[in-house]
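Thanks for asking me to look this one over. Here are my notes, set out as numbered points to read alongside the model.

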Amino acid sequence: MKLPIVCPSCDHTLNVSQMKCPSCKTEVSGDYELPVLLKLNREEQDFVLNFFLSSGSIKEMAKQAGLSYPTMRNKMDDLITKIDQLKTNNL
């Protein structure tokens, strides 16, 4: 099951309110914001992971995805803009 990150009623970002240890069953409750990277949708998270796994090479990512370097660079720039906006909203 995927972690929901957006409210199905109003589209605002959800907060974490409870976590549970599967080993000892300890529960931690509160009102915690999701980390910035978890506020990205699944596709964006996969993009960040692939960038990391390709040793930060946009050229390699473009090659693996069958896209041109400029197209991949544009995707990267869009994601950078989104992450900057999410970080600014967290301050």
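How many disulfides does the structure hold?

1. The structure holds zero disulfides. Cys-21 is in no disulfide, and the nearest cysteine sulfur, 3.7 Å away, belongs to Cys-24. Seen from the other side, the sulfur of Cys-24 has its closest cysteine sulfur in Cys-21, and 3.7 Å is too far for a bond; a disulfide needs the two sulfur atoms within 2.5 Å. Cys-21 is also partly exposed, at a relative accessible area of 27%. Please keep in mind here, and in every point below, that this is a predicted model.

2. Now for the overall layout. The protein chain has two strands and three helices, and from the N terminus on they run β-β-α-α-α. The radius of gyration is 17 Å, well over the 12 Å that the globule rule gives for 91 residues, so the protein chain is more spread out than a compact globule. If you would like dimensions to go with that, the C-alpha trace spans about 45 × 30 × 25 Å along its principal axes.

3. Next, burial and surface. Of the 91 residues of the protein chain, 19% count as buried. The chain exposes about 7,100 Å², and carbon and sulfur atoms supply 56% of that area. Among contacts in the protein chain with a separation of 6 or more, 38% come from residues 24 or more positions apart.

4. A word on charge. The protein chain carries 11 positive and 11 negative side chains. How far apart do the centres of the two sets lie? They are 6 Å apart.

5. Ile-5 deserves a look in your viewer. This residue sits in the segment before strand E1 (15–20). Is Ile-5 buried or exposed? Ile-5 is buried, with a relative accessible area of 16%. Leaving aside neighbours within four places in sequence, Ile-5 is in contact with His-12, Thr-13 and Leu-14, and also with Leu-34, Leu-38, Lys-39, Leu-40 and Asn-41. For a sense of distance, Ile-5 and Lys-75 are 70 residues apart in sequence, and their C-alpha atoms are 21 Å apart in space.

6. Glu-44 is in helix H1 (residues 42–53). You may like to know that this acidic residue is buried, because its relative accessible area of 16% falls under the 20% cut-off. Which residues does Glu-44 touch, not counting those up to four places away in sequence? They are Leu-79 and Lys-82.

7. Ser-54 belongs to the loop between H1 and helix H2 (58–65). Although it is a loop residue, Ser-54 is buried, with a relative accessible area of 9%. Ser-54 touches Glu-60 and Met-61, again not counting residues up to four places away in sequence.

8. Last, Thr-81, which is found in helix H3 (residues 69–90). Thr-81 is partly exposed, with a relative accessible area of 42%, whereas Ser-54 is buried at 9%. Thr-81 and Lys-63 are 18 residues apart along the chain, with 23 Å separating their C-alpha atoms.

Technical notes:
Residues are numbered from 1 along each chain as its sequence is written. This is a predicted model: local features need pLDDT of at least 70, side-chain atom pairs count only at pLDDT 80 or more; totals for chains, interfaces and linings use all residues. Side-chain values use heavy atoms; hydrogens and water are left out. Helices (H or I, at least four residues) and strands (E, at least two) are DSSP runs, numbered from the N terminus. The radius of gyration is taken over C-alpha atoms; the globule rule is 2.2 Å times the number of residues to the power 0.38. Buried means under 20% relative accessible area, exposed over 50%, partly exposed in between (1.4 Å probe, protein chains only). Contact means heavy atoms within 4.5 Å. Accessible areas come from the Shrake-Rupley method with a 1.4 Å probe; for residues, only the protein chains shown count as cover. Lys and Arg count as positive and Asp and Glu as negative; His and the chain ends are not counted. The place of a charge is taken as NZ of Lys, CZ of Arg, CG of Asp or CD of Glu.
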